[in-house]
Amino acid sequence: MTAQIERPEIRDTGLLRQSLTITRRNLIHIKRMPEMLLDVTIQPVMFVLLFAFVFGGSIAVEGSPEGYREWLMGGIMGQTIAFASFIVAVGLTADIDKGIVDRMRSLPINPAAVLVGRSISSLMHSSIGIVIMSLTGLVVGWRIRGSVLDAVLAYVLLLLWGFAMIWLGILVGSAMRSVEAVNGLMFATMFPITFLANTFAPTENMPAVLRTIAEWNPISSLVQAVRELWGNTGPAPDSAALPLQHPVLTTLIWTIGLTAVLAPLALRAFQRRTMT
């Protein structure tokens with residue numbers, strides 16, 4: 001059994017200050033390894049251009065002022081923010097494997113600062129992707145046609161969803177024993193979840209079973225919410241499932257529910273992984 005690490009007395013410098021210090025450490029790591037930004041820079045732009053120009057002519061959507069290219073942007077952004085879980089899971093697992101978390105635990109800091117700092121840096125990481133995709137969307141014809149308040153609410157929903165996904169990432173990163181295992185699990189789960197939704201194609205033409213699954217997928221309500229708030233589509237048709245009829249409220253419920261379930265599980269898994 002691994003010997004328990006004797007923790008020094010925690011200095012009263014404040015959880016926020018300690019968390020921001022760890023956030024700064026994570027951002028410096030990204031600065032020194034800029035290839036870590038590929039998943040929120042090159043990949044989203046590639047998806048936007050591929051779907052807009054390669055598949056856009058083959059996919060018809062109703063209710064969007066400028067057709068598929070504008071309708072697409074909400075889906076791309078929903079997928080990117082969902083992958084916040086991927087970012088934090090890989091980063092946390094790498095820190096645990098390299099002994100960085102153990103070194104931090106040997107310092108006089110609050111243990112929660114490690115997770116808070118990782119969460120803040122992951123949200124900032126994902127926000128970079130949202131900004132870059134917004135700029136790319138403007139180039140391909142996307143516009144925000146709703147009010148300023150609605151536009152801000154849409155971005156807030158994306159960040160709230162990213163916060164919920166961070167807890168999923170902490171849970172997976174604490175439970176898996178290697179970065180390779182995290183990559184395998186996250187690719188096998190996140191890609192089907194984000195594609196089996198209304199992210200890249202309307203659900204109306206899906207087979208009945210797949211349509212039901214897609215419309216109850218929480219990613220679908222998030223994407224529908226931001227599209228409606230940005231004025232990129234009209235309300236969901238009457239035949240759509242209940243979550244798409246009230247996408248903003250549904251997204252808030254999903255976000256609060258997932259956080260309430262995942263956060264305790266993630267904290268327990270992290271404590272179990274780092275205290276033994």
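Okay, let's start at Val45, which is found in helix α2, residues 42–55. When I say helix, I mean a DSSP run of H or I with at least four residues, strands being E runs of at least two, and both are numbered from the N terminus. Before I go on, a word on what we're looking at: this is a predicted model, so local features need pLDDT of at least 70 and side-chain atom pairs count only at pLDDT 80 or more, while totals for chains, interfaces and linings use all residues. Residues are numbered from 1 along each chain as its sequence is written, and side-chain values use heavy atoms, with hydrogens and water left out.

Back to Val45. Is this residue buried or exposed? Neither, really: Val45 is partly exposed, with a relative accessible area of 21%. The cut-offs here are under 20% for buried and over 50% for exposed, with partly exposed in between, using a 1.4 Å probe and protein chains only. If you skip residues up to four places away in sequence, Val45 touches Ile132 and Thr136; contact means heavy atoms within 4.5 Å. And for a long hop, go from Val45 to Ala269: 224 residues apart in sequence, and 35 Å apart in space, C-alpha to C-alpha.

Now let me zoom out to the whole chain. The protein chain has 12 helices and 0 strands, so it is no shock that the radius of gyration is 20 Å, close to the 19 Å that the globule rule gives for 276 residues, so the chain is as compact as a globular protein of that length. For those who want the recipe, the radius is taken over C-alpha atoms, and the rule is 2.2 Å times the number of residues to the power 0.38. The C-alpha atoms fill a box of roughly 60 × 35 × 35 Å along the principal axes.

Some totals for the chain. Of the 276 residues, 47% count as buried. Take contacts with a separation of 6 or more, and residues 24 or more positions apart account for 80% of them. The accessible surface comes to about 13500 Å², and 68% of that belongs to carbon and sulfur atoms; the areas are Shrake-Rupley with a 1.4 Å probe, and for residues, only the protein chains shown count as cover. On charges, there are 20 positive and 17 negative side chains, with the centres of the two sets 10 Å apart. Lys and Arg count as positive, Asp and Glu as negative, and His and the chain ends are not counted; each charge sits at NZ of Lys, CZ of Arg, CG of Asp or CD of Glu.

Next, a pair of threonines. Thr194 is in helix α8, residues 179–195, and is buried, with a relative accessible area of 0%. A polar atom of the Thr194 side chain lies 2.8 Å from the backbone oxygen of Met190. Outside the four-place window in sequence, Thr194 touches Gln79, Ala82, Phe83, Thr199 and Phe200.

Thr203 lies in the loop between α8 and α9, the latter being 208–216. Thr203 is buried too, at 4% relative accessible area. What does the side chain of Thr203 make a polar contact with? That would be the side chain of Glu215, at 2.7 Å. A polar contact is a pair of N or O atoms within 3.5 Å; within protein, one must be able to donate a hydrogen and the other to accept it, and residues adjacent in sequence count only if both atoms are side-chain atoms. Beyond four places in sequence, Thr203 is in contact with residues including Ala197, Arg211 and Glu215.

Last stop, helix α12, residues 247–274, where we find Pro264. Pro264 is partly exposed at 38%, and its C-alpha is 9.2 Å from that of Leu171, 93 residues apart along the chain. Leu262 is in helix α12 as well, but buried, at 11%. Leaving out residues up to four places away, Leu262 touches Ala164, Trp167, Leu168 and Leu171.
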